[in-house]
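This report walks through one protein chain, from the terms it needs to the details of its strands. Please keep the sequence and the structure in view while reading.

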Amino acid sequence: VYKKTSSNQLLTLYLGSRELVARKGVIEPLKGVLYIDSKIINEAKIYGQLTLTFRYGREDEEVMGLKFCNEAVIALQQFWPRPVTAETESLTPLQVG
């Protein structure tokens with residue numbers, strides 16, 4: 001399980017896998033759990049953005065602010081409040097437990 005927490009500790013994301021799997025041209029969705037602290041649950045809209053970073057070269061070769069990577073935003077979704085049009089999907093074992 002992969003865990004990522006926001007700098008203010010109010011949001012925590014748990015993912016079962018960070019790998020994108022493509023089969024016959026279809027990419028399987030990433031599934032996980034988003035923990036939202038009760039301090040902000042009623043006062044904020046929460047959106048998530050999935051960004052892929054493609055690195056080429058090594059980090060120690062990055063000099064003078066030059067980075068050898070490309071980023072691609074592949075998804076943006078509202079998590080809270082849950083959109084009315086959101087499809088109900090079956091829960092994974094990570095989401096149930």
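## Terms and model

A residue is called buried here if its relative accessible area is under 20%, exposed if that area is over 50%, and partly exposed in between. The structure is a predicted model.

Confidence varies along the chain. The average pLDDT is 77, and 80% of the residues score at least 70. Among the elements, S1 has the highest mean pLDDT, 91, and helix H1 (residues 93-96) has the lowest, 70. Where pLDDT is low, the predicted coordinates should not be read in detail.

## Overall composition

The chain contains seven strands and one helix. Read from the N terminus, the order of elements is β-β-β-β-β-β-β-α.

The chain has 97 residues, of which 10% count as buried. Its accessible surface is about 8400 Å², and carbon and sulfur atoms account for 54% of that surface. Of the contacts with a separation of 6 or more, 44% are between residues 24 or more positions apart.

## Strand S2 and its partners

Strand S2 spans residues 11-15 and pairs with two strands. With S1, the pairing is antiparallel and has four bridges; in this pair, Tyr2 has Leu15 of S2 as its bridge partner. With strand S5 (residues 32-36), the pairing is again antiparallel, over five bridges. Thr12 is opposite Tyr35 of S5.

S1 and S2 also form a hairpin, with five residues between the two strands. The turn of this hairpin includes Gln9, which is described under the loop residues below.

## Thr12 and Leu13

Is Thr12 of strand S2 buried or exposed? Thr12 has a relative accessibility of 7%, so it counts as buried, the cut-off being under 20%. Leaving aside residues up to four places away in sequence, Thr12 touches Lys3, Lys4 and Thr5, and also Val33, Leu34 and Tyr35. Of these, Tyr35 is the residue that stands opposite Thr12 in S5.

Leu13 lies in S2 as well. Its relative accessible area is 33%, so Leu13 is partly exposed. Leu13 contributes to a nonpolar surface patch of about 310 Å², together with Leu34, Phe79 and Trp80. A residue needs over 30% relative accessible area to be part of such a patch, and the 33% of Leu13 is the value to set against that cut-off. Leu34, another member of the patch, is also among the residues that Thr12 touches.

## Loop residues with positive phi

Most residues other than glycine have a negative phi. Where does the chain depart from this? One case is Gln9, with a phi near 65°. Gln9 lies in the loop between strand S1 (2-5) and S2, in the turn of the hairpin that these two strands form. With a relative accessible area of 54%, Gln9 is exposed, because the cut-off for that class is over 50%.

Lys24 is another case, with a phi near 55°. Its place is the loop between strand S3 (22-23) and strand S4 (26-27). Lys24 has a relative accessible area of 87%, so it too is exposed.

Notes
Residues numbered from 1 in each chain as written. Predicted model: local features only at pLDDT ≥ 70, side-chain atom pairs only at ≥ 80, totals over all residues. Heavy atoms only, no water. Patch = residues over 30% accessible without salt bridge, like charges linked within 9 Å, V, L, I, M, F, W, Y side chains within 5 Å. Areas by Shrake-Rupley, 256 points an atom, 1.4 Å probe, with all protein chains shown as cover. Salt bridge = Lys/Arg side-chain N within 4 Å of Asp/Glu carboxyl O. Buried < 20%, exposed > 50% of the residue type's maximum accessible area, 1.4 Å probe, protein only. Contact = heavy atoms within 4.5 Å. Pairing = 2+ DSSP bridges. pLDDT = per-residue confidence, 0-100.
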